Amino acid sequence: MTAASPVISVVLPARDEGDRVGATVASALDAAAGPDGVDIVVVDDCSEPGRRPEIADGPARRRTTVVRSDRHLGVGAARNLAARHARGRVLFVTDAHTRFSDGWDREALRLLTPARILSVTVRDSSSQWRGYGCRLVIPYMGTRWNTSLPGPAPQVHVASSAGTVLEHALFDRLGGYDEGMVQYGGFEPEFSVRAWRFGPRSCTPTPSRSPTASNPRTSAPSSSRRGGPRWSTTACGSGPPTCPNQ
């Protein structure tokens, strides 16, 4: 009997992340309301020996595909490669430092539409700080965290790298991430601006109605996009938002 295709594919690049990958994979499956509908695709982006992705034997390993690259691809190309191996109708793009909240998959599917991108709301596990997606800072395509909800029907400029959720078909139509990006941290704003021009817009639902995850790493939220977060999602509509003040 052929196994049913997953509904959601969690895709993540990993370079020298070791057992952090296994912890993220285990969290995604343990917290899922329907783990049989979730698979994981990890791209080992030319990790050093001894620091390659480590995933314990068992259900998590059986639901995970590890794609190894013998050359360093970079974040954008590694995410695109993971997406090409993903079988799910929905992609959940994240990294190796994420912990998922209970029922994250059910809530993501409830909020997602074909013209909507969901982005995480990051929560610092050691404080009350939260980041509700990011806003674009012009002219240099930088980003700043939204530290409060940006409106009653929250729409944000840039979906966070800690968790971007969209239909696989939309990801393909957008062309994935820009593999030629040379600016570190530029993948997310470039992808989001391209999505605005295509039609979708990123938004953040209220924290009580969105899936969340945590990140065991701690660092200053103002200086790190991955600083000790928990997270929730973001929605997309049509047309670009107004550019923010710095």
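## Legends to the close-up views

**View A. Leu174 and its surroundings.** With a relative accessibility of 6%, Leu174 counts as buried, a word used here for residues under 20% relative accessible area, whereas over 50% is exposed and the range in between is partly exposed (1.4 Å probe, protein chains only). The structure is a predicted model, in which local features need pLDDT of at least 70 and side-chain atom pairs count only at pLDDT 80 or more, while totals for chains, interfaces and linings use all residues. Residues are numbered from 1 along each chain as its sequence is written, and side-chain values use heavy atoms, with hydrogens and water left out. Leu174 belongs to helix α5, which covers residues 168–174; helices (H or I, at least four residues) and strands (E, at least two) are DSSP runs numbered from the N terminus. Setting aside residues up to four places away in sequence, Leu174 touches Ile117, Leu166, Phe191, Arg194, Ala195 and Phe198, where contact means heavy atoms within 4.5 Å. Of these partners, Phe191 stands 17 residues from Leu174 in sequence, and the two C-alpha atoms are 8.2 Å apart in space.

**View B. A salt bridge inside helix α6, between Arg194 and Glu190.** Arg194, one of the residues touched by Leu174, also meets the side chain of Glu190 in a salt bridge, at 2.7 Å from N to O; the term stands for a side-chain nitrogen of Lys or Arg within 4 Å of a carboxyl oxygen of Asp or Glu. Both residues lie in helix α6 (residues 187–198), and their spacing of four residues is about one turn of the helix. The two ends of the pair fall into separate classes, since Arg194 is partly exposed at 22% relative accessibility and Glu190 is buried at 18%.

**View C. A salt bridge between two strands, formed by Asp44 and Arg68.** The side chains of Asp44 and Arg68 come together with N and O 3.0 Å apart. Asp44 sits in strand β2 (residues 38–45) and Arg68 in strand β3 (residues 64–69), so this bridge ties together parts that are 24 residues apart in sequence. Asp44 itself is buried, its relative accessible area being 2%. A search of the whole structure finds six salt bridges, and another of them joins Arg20 to Glu17, with the closest N and O atoms 3.1 Å apart. In that pair, Arg20 is partly exposed at 39%, while Glu17 is buried at 13%.

**View D. The largest nonpolar core and helix α1.** This core holds 25 residues, and Val10, Val21, Val25 and Trp104 have the most contacts inside it; a nonpolar core is a set of buried Ala, Val, Leu, Ile, Met, Phe, Trp, Tyr and Cys residues joined through side-chain atoms within 4.5 Å. Two or more residues each are given to the core by β1 (8–14), α1 (19–31), β2, β4 (90–93) and α4 (104–111), and the largest share, five residues, comes from α1. The buried residues of α1 include Val21, Val25 and Leu29, and the buried residues of this helix pack against β1, β2, α2 (59–62), β3, β5 (99–100) and α4. Val10, leaving aside neighbours within four places in sequence, is in contact with residues that include Val38, Ile40, Phe92, Phe100 and Trp104. In soluble globular proteins, nonpolar side chains tend to be buried together.

**View E. Two residues with positive phi, Asp16 and Cys46.** Most residues other than glycine have a negative phi, and most peptide bonds are trans. Asp16, in the loop between β1 and α1, has a positive phi of about 60° although it is not a glycine, and at 16% relative accessibility Asp16 is buried. Cys46, in the loop between β2 and α2, likewise has a positive phi, near 60°, but with 25% relative accessibility Cys46 is partly exposed.

**View F. A cis peptide bond between Ile138 and Pro139.** The bond that joins these two residues has an omega of about 15°. Pro139 lies in the loop between β9 (134–137) and β10 (142–145). Cys134 is buried, at 3% relative accessibility, and the structure as a whole has zero disulfides, meaning pairs of cysteine sulfur atoms within 2.5 Å.
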